Amino acid sequence: MLRTAVLILFLLSVARHGCPQSYNAIYSFGDSISDTGNLCTGSGGCPSWLTTGQPPYGNTHFGRPTGRCTDGRVVVDFLAEHFGLPLLPPSKASGGDLKKGANMAIIGATAMDFEFFKSHGLGNSIWNNGPLGIWNFGLKYGLRVCCGAGGQGSYNYNNRARCGMAGATACGDPEKHLVWDGIHLTDAAYRAVAGGWLNGTYCSPGILH
């Protein structure tokens, strides 16, 4: 259900009066789990062939597709909001000030090249449909997909009619779902992940410790 991702965040620390741990920029590297729209930086916005650039992507928070592969924000957005920083602009966007942070993540990126995966018998796709079943972050529907054509088994997923394609629709309560489109998580799930990174539930030590 969920493709594995490599996400590396660099937080540049600066000293501020009365605040021993604060940040002035975030630099994010990764794939669609953390991409904030690097395929949607052209003059025409998201290309028509990009399903994740079509409604109902983005509807929960932004009210429109932004190139993020979810109904709203990704983890790095919640981290930026927590530290009072602007949401990270895609690095491919023109006119950005890289000193204030940037998002180099892009859909489909991997940490290693294709030959590495091929040499390990993994081909060109890596999928993970197990461990997240025990990490539902208290969300009601677990691995049941919110957006798509639906009706395909217990996961409610149809790979031939994914979210953003003709005939696909979104559930009315994405805030209760873990999985947005069968590959990526919801805004609500990413919020929970960000909280776990900040307080130490999902990393050690937590960012705030």
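1. Start with D77 and R68: both residues are buried in this predicted model. Their side chains pair up in a salt bridge, with N to O at 2.7 Å. So if you're looking at charges away from the surface, here is one pair where each partner falls under the 20% cut-off for relative accessible area.

2. How many salt bridges does the structure hold? The count is 3. Besides D77 with R68, there is R73 with E81, and R73 with D187.

3. R73 deserves a look of its own. Its relative accessibility is 8%, so it goes down as buried. One partner is E81, and the closest N and O atoms of that pair sit 3.2 Å apart. Buried, partly exposed or exposed: where does E81 fall? E81 comes out as partly exposed, because its relative accessible area is 35%, which lies between the 20% and 50% cut-offs.

4. The other partner of R73 is D187, and those side chains meet at 3.0 Å, N to O. R73 belongs to the loop between β2 (19-29) and α1 (75-82), whereas D187 is in helix α3 (residues 187-199), so this salt bridge ties together parts that are 114 residues apart in sequence. D187 has a relative accessible area of 6%, so D187 is buried too.

5. Putting points 3 and 4 together: R73, E81 and D187 form a linked network of salt bridges. In that network, R73 is buried at 8%, D187 is buried at 6%, and E81 is partly exposed at 35%.

How values were computed
Residues numbered from 1 in each chain as written. Predicted model: local features only at pLDDT ≥ 70, side-chain atom pairs only at ≥ 80, totals over all residues. Heavy atoms only, no water. Buried < 20%, exposed > 50% of the residue type's maximum accessible area, 1.4 Å probe, protein only. Helix = DSSP H or I, 4+ residues; strand = E, 2+ residues; numbered from the N terminus.
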